[in-house]
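Hi everyone, thanks for making room for me today. I'd like to walk you through one structure, at a pace that suits anyone who is new to this.

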Amino acid sequence: MEVMNSNIKILSHPIINNNLAIIRDKNSDCEKFKNAVKRITYMLIYEASKELPTINKEIETPLEKTICKVFDDDIQLIIAPILRAGMIFCEVAQELLPFANIHHIGMYRNEQTLEPVWYYDKRKEIKQNKEKVFVIILDPMLATGNSAIDAIKNFTLKGIIEKNITFVSLISSPEGIKKVSNTFKDVKIITSAIDRTINNKGYILPGLGDAGDRIYNTIN
Ligand code: URA
């Protein structure tokens, strides 16, 4: 794992790299693409959940009592996929963290301004026990950083503590990483690759194309 600063982690692993090659390949069909993303997702969610608080719990094995580390019942974990492409991470995230609340974030990108346009958000303000609320935001592509910043801001305005927010992506651009980490110094970013740049349409180069289109086999 490469660490740029303590809040930005690039997961590098032969399994991840091999699957990144599959999802970058324009000849990988929808099924191949989704299966490769799923394999990477296990590792990204593993990393994103590494610092969730645990407590000691006494468990009785068939042989004797022992103390195990289990998730603290008092925490609230919000998994927030940015629609539509973020949904690709959700099945694995729920499998690994079944107690999480899923909070869908509906936004699309205005093709001219590259700014996000919101269409769905039901999250209420957090008033109590803020230190026990954690958010993992999911979006396969951290490109311009505009959607990421809006999504993070939306959670901080609702009372979530910045250091309890983690942003997870498959591929990021240097521009997006810089923008998000300069705006939110305490937010963690976990990604499996940082690519060369973004083009004037906001696509990551070399990237993988439009993540949503590739997941859902969209005809344009
Ligand atoms: N969203 C995508 O789907 N792909 C990119 O390259 C950038 C944003």
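I'll start with the ligand, then turn to some strands, and end with a few unusual spots in the backbone.

Before we go in, please keep in mind that this is a predicted model.

So, the ligand. Which residues surround it? Going along the chain, they are Arg109, Met141, Ala143, Gly202, Tyr203, Ile204, Gly209, Asp210 and Ala211. If we sort this shell by class, we get 5 nonpolar, 2 polar and 2 charged residues. And where is the ligand sitting? The space it takes is the largest pocket.

Now let's look at some polar atoms around the ligand. A polar backbone atom of Ile204 is 2.8 Å from an oxygen atom of the ligand. For Gly209, the partner on the ligand is a nitrogen atom, and the distance from a polar backbone atom of this residue is 2.8 Å. Then there is Ala211, with a polar backbone atom 2.7 Å from a ligand oxygen. How much of the ligand does the protein cover? On its own the ligand has 230 Å² of accessible area, and the protein covers 88% of that.

Let's stay in this region for a moment and follow the backbone. Between Leu205 and Pro206 the peptide bond is cis, with omega near 0°. Pro206 belongs to the loop that runs between strand 14, residues 204-205, and helix 6, residues 211-216. Look back at the ligand's shell and you'll find Ile204 and Ala211 there too.

Next, the strands. Another residue of that shell, Arg109, brings us to strand 7, which covers residues 105-109. Strand 7 runs parallel to strand 5, residues 76-83, and 2 bridges join them. In that pairing, Ile82 has Ile105 as its bridge partner in strand 7.

What about the other neighbour, strand 8? Strand 8 spans residues 116-120, and its pairing with strand 7 is antiparallel, over 4 bridges. Here you can find Tyr108 opposite Val117 of strand 8. The two strands form a hairpin with 6 residues between them. One residue to look for in that loop is Leu114. Its phi is positive, about 60°, although Leu114 is not a glycine.

For a second hairpin, go back along the chain to strand 3, residues 54-60, and strand 4, residues 65-71. They run antiparallel and are joined by 7 bridges. The hairpin connects them through 4 residues, and Ile59 stands opposite Thr66 of strand 4. While you have strands on the screen, here is a handy general point: in a regular strand, side chains alternate between the two faces of the sheet.

One last stop. Where is there another cis peptide bond to look at? Leu83 and Arg84 are joined by one, with omega about 0°. Arg84 is in the loop between strand 5 and helix 3, residues 90-96.

That's my tour, and I'm happy to take questions.

Conventions
Residues are numbered from 1 along each chain as its sequence is written. This is a predicted model: local features need pLDDT of at least 70, side-chain atom pairs count only at pLDDT 80 or more; totals for chains, interfaces and linings use all residues. Side-chain values use heavy atoms; hydrogens and water are left out. A residue is near a molecule or strand if one of its heavy atoms lies within 4 Å of it. A polar contact is a pair of N or O atoms within 3.5 Å; within protein, one must be able to donate a hydrogen and the other to accept it, and residues adjacent in sequence count only if both atoms are side-chain atoms. Accessible areas come from the Shrake-Rupley method with a 1.4 Å probe; for residues, only the protein chains shown count as cover. On a 1 Å grid over the protein atoms alone, a cavity is a set of points where a 1.4 Å probe fits but cannot get out, and a pocket is an open set with protein on both sides within 12 Å along at least five of seven lines; lining residues have an atom within 4 Å of a point. A molecule sits in a cavity or pocket if more than half of its atoms lie within 2 Å of its grid points. Ala, Val, Leu, Ile, Met, Phe, Trp, Tyr, Cys and Pro count as nonpolar, Asp, Glu, Lys and Arg as charged, and the others, Gly among them, as polar. Two strands pair if DSSP finds at least two bridges between them.
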